[in-house]
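Please open the model in a viewer and keep the sequence panel visible. The tour below proceeds by selection, one site at a time.

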Amino acid sequence: MCAKKSENFKRLSQEEWEEAWQKHWKKAQLDYELPIIESEEYKFLSEQRTAEKEKERLERITAEFEMGFTKLSQLGPAVTIFGSARFKPGDPYYELSRETGNAFAKAGFTVLTGGGPGAMEAANRGAKEAGGPTYGLNIILPKEQQPNPYVNDSFEFKYFFVRKVMLVKYSCAFIVMPGGLGTLDELFEAATLIQCHKIGPFPLILVGGKFWKGLRDFVGFMMEQGVFSSEEIGFSRIVETPQEAIDMVLSSLPSDFKNSLKPL
């Protein structure tokens, strides 16, 4: 019988979280849904699969990958900003995301987002207001997500997993604004790839200490339960301001890569 683990888990302080990052990640350098009735996924799971149907599906997926590779490969040094679609202009987190997109554009980065409303729109808007290039990778949903108007171009994806590959593949850092399940999915997708040494390690930065405090505490609880080790706690940093995020990204880039940036 397994011993009962303590329910009084230790809550990580901001200082302890920072200490974990300082110890294990500071010196790291950049190395070069639920289906609904009548949806395609519902039909796919309920119908008999044939080699012909599987081939057609594979062709659609391959075409979407090819489109993404073709359109995104020439965008230059980029950061991806994740965040909730639900914030409205004037909301504190909308404006924080807008400031973040603006700051990264001024630093010389192309700003990528999921292309929708909320924090995504705000980041694109801030980058555009700075005069920098910014693009949206819009996802086609049953309730259509309209691309926001603050992008140089919008690329539409049908498959979430293809879109996530593109948001990760062409970025040298991931900036996570407050968000919900989709944002957490993107956050932990990046964290898992970094943890397993499939990418990077790249800077993975959460902006907004008050919002992310609960996650930091839960990660401490998970560590105590033995699902990962203490060395892996600092997979990201939590910062308060866009400038802190930029400073971390710039400090992580090799000199030759950093020199390719053209600050505005």
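Begin with Glu 64, which sits in helix α3, residues 51-72. The model is a predicted one.

**Glu 64 and its surroundings**

Display the side chain of Glu 64. This residue is buried and takes part in no salt bridge. The nearest side chain of opposite charge belongs to Lys 158, 7.4 Å away. What lies 2.9 Å from a polar atom of the Glu 64 side chain? It is the backbone nitrogen of Tyr 159. Next, select Phe 157, Lys 158, Tyr 159 and Val 162: these are the residues in contact with Glu 64 once its neighbours within four places in sequence are set aside.

**Arg 163**

Move to helix α6, residues 160-169, and select Arg 163. Arg 163 is likewise described as buried without a salt bridge. Its nearest oppositely charged side chain is that of Glu 186, at 4.1 Å; a salt bridge requires a side-chain nitrogen within 4 Å of a carboxyl oxygen, so this pair is not counted. Add Gly 114 to the selection: its backbone oxygen lies 3.0 Å from a polar atom of the Arg 163 side chain.

**Salt bridges**

The whole structure contains six salt bridges. Select Arg 98 and Glu 129, whose closest N and O atoms are 2.7 Å apart in one such bridge. Arg 98 belongs to helix α4 (residues 92-106) and Glu 129 to helix α5 (residues 119-130), so the pair links parts that are 31 residues apart in sequence. Glu 129 is partly exposed, at 44% relative accessibility.

Keep Glu 129 selected and add Arg 125. Their side chains form a salt bridge with an N to O distance of 3.3 Å. Because the two residues are four apart in helix α5, about one helical turn separates them. Arg 125 is buried, at 18% relative accessibility.

Now select Asp 185 and Lys 164, a salt bridge in which the closest N and O atoms are 3.0 Å apart. Asp 185 lies in helix α7 (residues 181-195) and Lys 164 in helix α6, so this bridge ties together parts 21 residues apart in sequence. Is each partner buried or partly exposed? Asp 185 is partly exposed at 37% relative accessibility, whereas Lys 164 is buried at 14%. To finish with the charged groups, select Glu 95, Arg 98, Arg 125 and Glu 129 together: salt bridges with shared partners join them into one network.

**Nonpolar cores and cysteines**

Turn to the interior. The largest nonpolar core has 36 residues, and Phe 174 and Leu 204 are the members that touch the most others. A second, separate core comprises 31 residues, among them Tyr 94, Leu 96, Cys 172 and Leu 261.

Stay on Cys 172, which is buried with a relative accessible area of 3%. Then select Cys 196, which is partly exposed at 44% relative accessibility. How many disulfides does a search of the whole structure find? The search returns zero.

**Glu 232**

For the last stop, go to the loop between α8 (209-224) and β7 (237-239), where Glu 232 is found. Glu 232 is partly exposed, with a relative accessible area of 25%. Add Gln 195 to the selection: the C-alpha atoms of Gln 195 and Glu 232 are separated by 7.3 Å, although the residues are 37 apart along the chain.

Key. Residues numbered from 1 in each chain as written. Predicted model: local features only at pLDDT ≥ 70, side-chain atom pairs only at ≥ 80, totals over all residues. Heavy atoms only, no water. Buried < 20%, exposed > 50% of the residue type's maximum accessible area, 1.4 Å probe, protein only. Lys, Arg positive; Asp, Glu negative; His and termini not counted. Polar contact = N/O pair within 3.5 Å; in protein donor to acceptor, adjacent residues only side chain to side chain. Contact = heavy atoms within 4.5 Å. Disulfide = S-S within 2.5 Å. Core = buried A, V, L, I, M, F, W, Y, C linked by side-chain atoms within 4.5 Å.
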